[in-house]
Amino acid sequence: MSSISLSEERTAAAKPKTKVIQPAWVRVVHWINAVAIVLMIMSGWQIYNASPLFNFTFSSSITLGGWLGGGIMWHLAAMWLLVINGLVYLTLGIVTGRFRRKLLPISAKGVLDDTKAALTGQLSHADLSTYNQVQKLLYTGIIGVGILIVLSGLAIWKPVQLQYLTALFGGYDTARYVHFFMMAAIVGFLVIHVALALIVPKSLRAMIIGR
Amino acid sequence: MIRKIRSLIIPGVDKDLLVKDATKLMPDLSRRRFIASGASFGALTLLTGCDVSDSLSAENLLTHMSKFNDMVQARIFNPNTLAPTYSEKDIKRPFPFNAFYAEDDAPNVDGKEWKLEVSGLVQDKKSWTLDELHKLPEVSQITRHICVEGWSAIGSWQGTPLRDFLKLVGADTNAKWVHFRCAEDYTSSLDMPTAMHAQTQMTFKFDNQLLPRAYGFPMKIRVPTKLGFKNPKYVVAMEVTNDYKGGYWEDQGYNDFSGS
């Protein structure tokens, strides 16, 4: 993946007219995150099935690991990928000023106006390098959800060593619910995110080749 | 064992036959479960485009990661950090029975016949009767039992600190492991730092009553800094050792340290 993105960068540099929408580092961390989050969700469903919080379980066709022990193995292996990649993303997002440039400012009015425009089919996709207010809200929100799912996961994994963190989530049992609902929020985000990427395919292209 | 298998992989050898042979070599449940869960690895292949359909190499990677996680957890483990304690009213009643068998199949140990066998790197290898053990100083704890499955329940356990017993029998506390064997041949290993933790207890009572059969009569090891499966019940033998001897669930793939 990295060799592809490097050669793409060189091509982009040779033709300065084509605007890079997604820099290489964003594309790399995005796709690593995509793999990590899918592994985490599927193995997490396997773990959930061992002691369901609600009156349903996930079909074994969409879980990872084959049994509880396998699910835990996948979950606690993929967590490193998710967390290290996530930290790289947050660091670069802050250091390069991408978060400030792309995600701010967000206003309630802006979000409402852009939601209306989107629902009436009047939202422009001409300039993919600028996010509309709904995108800004969703992308900022999902970063917060990402931080919360990792913290609640740590609270469940280490309720003795990190007992203050666990207490912050209202105790072990509540932390499990927080962890579950953050997963649900990510799955909800994914449905919208993937659907919109398919409706506006050039956004998907930008996340693969940069332009 | 995994290394053995690797050295067996020769180009041109039929992989399926190889896996079959390997399974015969290692008749433990985990391997069969891993091979049976091949469909899941297939799903991963679709996602990443990488060839991880070879379940042996995927298992290998996951096993290495699990060992890495053991090391990380051993470092995170602070011997002075106590598990949170709770009050009487928080105790779950009835406290859930949990094992890999039904409650009716739980060992029915005769307390008069029973003896705790103590072996390995200890000075005094004498076996202990239940009466002798009941005379040891008693401490009490109300802590949260957390199952590997995810559920938790607060219980009340009384017994003697394992570290005091280890000192009493002259155990080499520089050894790596304390290995437990149970009446139904359940086994589990505790790392020495956890065995020496202040709250790790040789338990003889639940909720101030003689330990009932369901909760591990005559003796359970209560470890509030570990997941439930590292809290063996119906214990009959304790061995201090430098050799890693695994355990019933550990051998099947549950993370060995499994610390809370």
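**View 1. Helices α5(A) and α6(A) are roughly perpendicular to each other.** In this predicted model, the axes of helix α5 (residues 108-119) of chain A and α6(A) are 7 Å apart and cross at an angle of about 115 degrees. Angles of 65 to 115 degrees count as roughly perpendicular, so this pair earns the label. On the α5(A) side, look for A:Gly110, A:Val111, A:Asp113, A:Asp114, A:Thr115 and A:Ala118. From α6(A), the contact takes in A:Gln133, A:Val134 and A:Leu137. By type, the residues of this contact comprise 4 nonpolar, 3 polar and 2 charged.

**View 2. Here chain A meets chain B.** On one side stand 25 residues of chain A, in contact with 32 residues of chain B. Three helices of chain A, α2 (24-50), α3 (68-95) and α8 (172-199), each bring at least two residues to the side that touches chain B. Which of them gives the largest share? That is α3(A), with 8 residues. The side of chain A that touches chain B holds 15 nonpolar, 7 polar and 3 charged residues.

**View 3. The largest nonpolar core draws on both chains.** This core has 37 residues, and the members that touch the most others are A:Leu39, A:Met40, A:Trp74 and A:Ala78. Chain A gives two or more residues from each of α2, α3, α6 (133-157) and α8, and α5 (55-76) of chain B does likewise. Zoom in on A:Met40 and you will find A:His75, A:Ala78, A:Met79 and A:Leu82 touching it, leaving aside residues up to four places away in sequence. As background, nonpolar side chains in soluble globular proteins tend to be buried together.

**View 4. Another core, of 30 residues, lies apart from the largest one.** Its members include B:Trp128, B:Trp157, B:Phe165 and B:Met202, handy landmarks for finding your way around this view.

**View 5. Strand β10 (residues 235-241) of chain B is largely enclosed by the rest of the structure.** Why is β10(B) described as largely enclosed? Because 5 of its 7 residues are buried, where buried means 20 or more other C-beta atoms within 10 Å of a residue's own. Strand β1 (residues 115-120) of chain B runs parallel to β10(B), and 4 bridges join the two. Within β10(B), B:Glu239 is the residue opposite B:Ser119. Strand β5 (residues 177-182) of chain B is antiparallel to β10(B), joined by 6 bridges. To pick out one bridge there, follow B:Trp177 to its partner B:Thr241 in β10(B).

Terms used:
Residues numbered from 1 in each chain as written. Chains lettered and ligands numbered in written order. Predicted model: local features only at pLDDT ≥ 70, side-chain atom pairs only at ≥ 80, totals over all residues. Contact = placed C-beta atoms within 7 Å. Nonpolar A, V, L, I, M, F, W, Y, C, P; charged D, E, K, R; others polar. Core = buried A, V, L, I, M, F, W, Y, C linked by C-beta atoms within 7 Å. Buried ≥ 20, exposed ≤ 12 C-beta atoms within 10 Å, placed from the backbone. Pairing = 2+ DSSP bridges. Axes fitted to C-alpha atoms, helices over the stretch in contact; angles between N-to-C directions. Parallel < 35°, antiparallel > 145°, perpendicular 65-115°, else oblique.
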